[in-house]
Amino acid sequence: LRDTFPPRVLETRMVGKMPTPGAPPEWSRTREELGKTLTLRAHYDALTGYGQLACGLLQELLRRQTPCQGLEMRPSGKPWEPAQWGDAARLPADVSGLLTRENGEGWELLLGSPHHGATVSPSVILSMWESNRLPPGTIDNLNKFQAIIVPSEWNQLAWDAAGVTRPIYRVGLPVSDCFFANDPLPTKGPFTFGLACRRAHGGLRKGVKEALECFLEAVGTRRDVRFRLKIYPDCTQADLPVDPRIEVTAAAYTEAQLVDWYRSLHVYVSTSHAEGFGLCQAQALAMGRPVIGVMGHAQAEYLRHDTCIPVDYDLTRAETANPENGYYSGYVWVPRRDSVVDAIRFCLDHPAAVQAIGAKGAGLAKQQFRWGRFVSRMLDVLNAEGLPVSV
């Protein structure tokens with residue numbers, strides 16, 4: 001079936017853009033009129049998914065001697081300051097040196113949500129969404145771009161079905177090289193589960209409360225267990241269960257700190273209802289930490305029977321599963337609590353199997369999440385769209 005898909009829904013067999021129904025938008029400049037510099041418009045920081053992606057992409061392009069510059073898209077025109085978030089927000093010096101206040105080159109690559117619009121034409125957007133239905137207005141917005149890049153087949157097919165008529169390319173996202181340590185699981189101390197997210201920007205969708213409640217139900221009175229929750233300073237903890245075996249860290253971590261945090265885990269728990277990609281899940285996989293989670297939405301790109309401990313789910317209306325979020329609609333995958341409890345107990349009872357699953361996941365991550373692979377495919381897409389970049 002996969003081989004019968006049209007070219008734009010294939011990651012590895014894509015040779016160009018699929019003909020678009022109707023007249024395409026009129027781009028304001030031809031290739032010959034465009035400058036050689038790739039302007040990457042994004043939120044620049046070192047602690048959010050989009051921010052890390054922007055910084056890493058500029059650094060990789062710089063290493064390849066591809067002309068590039070960064071344009072901060074926050075209303076202030078400035079990246080987050082370390083004074084607000086600590087060292088985790090500090091931009092690498094080579095990235096800071098590439099930031100500019102305006103794009104004089106005539107085209108851009110935008111990293112942002114489907115709500116964000118282009119400021120020049122032509123423009124390509126790298127985006128994603130966390131439910132299978134796009135918010136009102138975003139389809140018309142996406143159709144103004146020359147092309148769209150998403151990290152998962154799930155987003156790709158859902159957006160195409162929703163009425164996005166521009167070429168939609170799938171390019172899987174990377175994780176930083178530091179996460180490919182693949183250290184052995186801890187041999188001393190309590191068996192430790194973990195989850196990392198920003199609740200202030202995801203709310204109930206991340207399933208944090210459910211994860212902790214499932215953990216407590218699964219372990220009963222056992223004392224040789226821990227659950228480590230990593231959230232941000234602006235995340236609420238008021239609704240979370242309190243137990244001495246649950247350790248909550250509310251801080252912005254650098255990537256080096258995150259590596260040490262993953263090292264302390266035996267298993268990562270993803271009770272997320274839906275992901276556009278799932279950066280923490282991918283980082284855990286690269287670290288050799290098996291993931292408990294649903295083999296659905298974007299997680300289906302890398303969670304398989306041999307790389308995770310799968311759990312059952314209920315396909316649920318997003319408005320029901322995430323009533324505080326308002327902007328999610330369509331369907332999400334809500335993990336079944338009894339299945340998550342069983343998965344946690346399986347891990348506690350079968351540590352050798354956990355180790356083997358973690359090793360399989362790390363092997364998959366090394367193939368799938370490398371920066372070099374990501375940037376090569378991004379440049380392939382931009383070249384296929386006639387934009388002046390060198391591979």
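In this predicted model, ring pairs join Phe 179, Trp 261, Tyr 262 and Tyr 268 into a cluster. The structure holds 13 aromatic pairs. One of them is formed by Trp 371 and Phe 374, whose rings meet edge-to-face at 5.4 Å centre to centre, with 85° between the planes. Both residues belong to helix α12 (residues 371-384), and because they are 3 residues apart there, about one helical turn separates them. Trp 371 is buried, at 10% relative accessibility. Phe 374 is buried too, at 1% relative accessibility.

Phe 374 also has partners away from its own stretch of sequence. Leaving out residues up to four places away, Phe 374 touches Leu 53, Leu 57, Leu 126, Val 171, Gly 172, Leu 173 and Pro 174. The largest nonpolar core has 120 residues, and those touching the most other members are Trp 159, Phe 193, Tyr 262, Tyr 268, Ile 292 and Phe 374. Tyr 262 and Tyr 268 thus appear in this list as well as in the ring cluster.

Two rings have a charged group over them. The charged end of Lys 230 sits over the ring of Tyr 253, 5.3 Å from its centre. The charged end of Arg 198 sits over the ring of Tyr 232, and here the value is 6.0 Å from the centre.

**Cysteines**

How many disulfides does the structure have? The count comes to 0. Cys 55 is in no disulfide, and the nearest cysteine sulfur, that of Cys 68, is 12 Å away. For Cys 197, the closest cysteine sulfur is in Cys 235, at 6.2 Å, which is too far for a bond. A pair would need its sulfur atoms within 2.5 Å to be counted as a disulfide. Cys 55 is buried, at 4% relative accessibility. Cys 197 is likewise buried, at 6% relative accessibility.

**The loop between β4 and β5**

Strands β4 (108-111) and β5 (123-126) are linked by a loop that contains Ser 113. Gly 112 lies in this loop, and so does Pro 122.

Is Gly 112 buried or exposed? Gly 112 counts as buried because its relative accessibility is 2%, and the limit for buried is under 20%. Ser 113 is buried as well, with a relative accessible area of 15%.

Setting aside residues within four places in sequence, Gly 112 is in contact with Tyr 50, Ile 125, Leu 126 and Ser 127. With the same kind of neighbour left out, Ser 113 touches Tyr 50, Ile 125 and Ser 127. Gly 112 and His 43 are 69 residues apart in sequence, yet their C-alpha atoms are 7.8 Å apart in space.

Pro 122 is joined to Ser 121 by a cis peptide bond, with omega of about 5°.

**Asn 182 and its surroundings**

Another loop runs between β7 (168-170) and β8 (191-196), and Asn 182 is found in it. At 30% relative accessibility, Asn 182 counts as partly exposed. Apart from neighbours within four places in sequence, Asn 182 is in contact with Ala 286, Met 287, Gly 288, Ala 362 and Lys 366. Between Asn 182 and Trp 159 there are 35 Å, C-alpha to C-alpha, and the two are 23 residues apart along the chain.

**Positive phi angles**

Two residues other than glycine with a positive phi are set out below.

| Residue | Phi | Loop | Relative accessibility |
|---|---|---|---|
| Gln 65 | about 60° | between α1 (49-63) and β2 (68-72) | 72%, exposed |
| His 297 | near 40° | between β12 (291-293) and β13 (308-310) | 3%, buried |

**Confidence**

The chain has a mean pLDDT of 88, and 91% of its residues reach 70 or more. Where does pLDDT stay under 50? This happens over residues 1-23, for which the model has 39 contacts beyond four places in sequence. Where pLDDT is low, the predicted coordinates should not be read in detail.

Conventions: Residues are numbered from 1 along each chain as its sequence is written. This is a predicted model: local features need pLDDT of at least 70, side-chain atom pairs count only at pLDDT 80 or more; totals for chains, interfaces and linings use all residues. Side-chain values use heavy atoms; hydrogens and water are left out. Helices (H or I, at least four residues) and strands (E, at least two) are DSSP runs, numbered from the N terminus. Buried means under 20% relative accessible area, exposed over 50%, partly exposed in between (1.4 Å probe, protein chains only). Contact means heavy atoms within 4.5 Å. A nonpolar core is a set of buried Ala, Val, Leu, Ile, Met, Phe, Trp, Tyr and Cys residues joined through side-chain atoms within 4.5 Å. pLDDT is the predictor's confidence in each residue, from 0 to 100. Rings of Phe, Tyr and Trp (its six-membered ring) pair if their centres lie within 6.5 Å; planes under 30 degrees apart count as stacked, over 60 as edge-to-face and the rest as tilted. A charge sits over a ring if NZ of Lys or CZ of Arg is within 6 Å of the ring centre and within 35 degrees of the ring normal.
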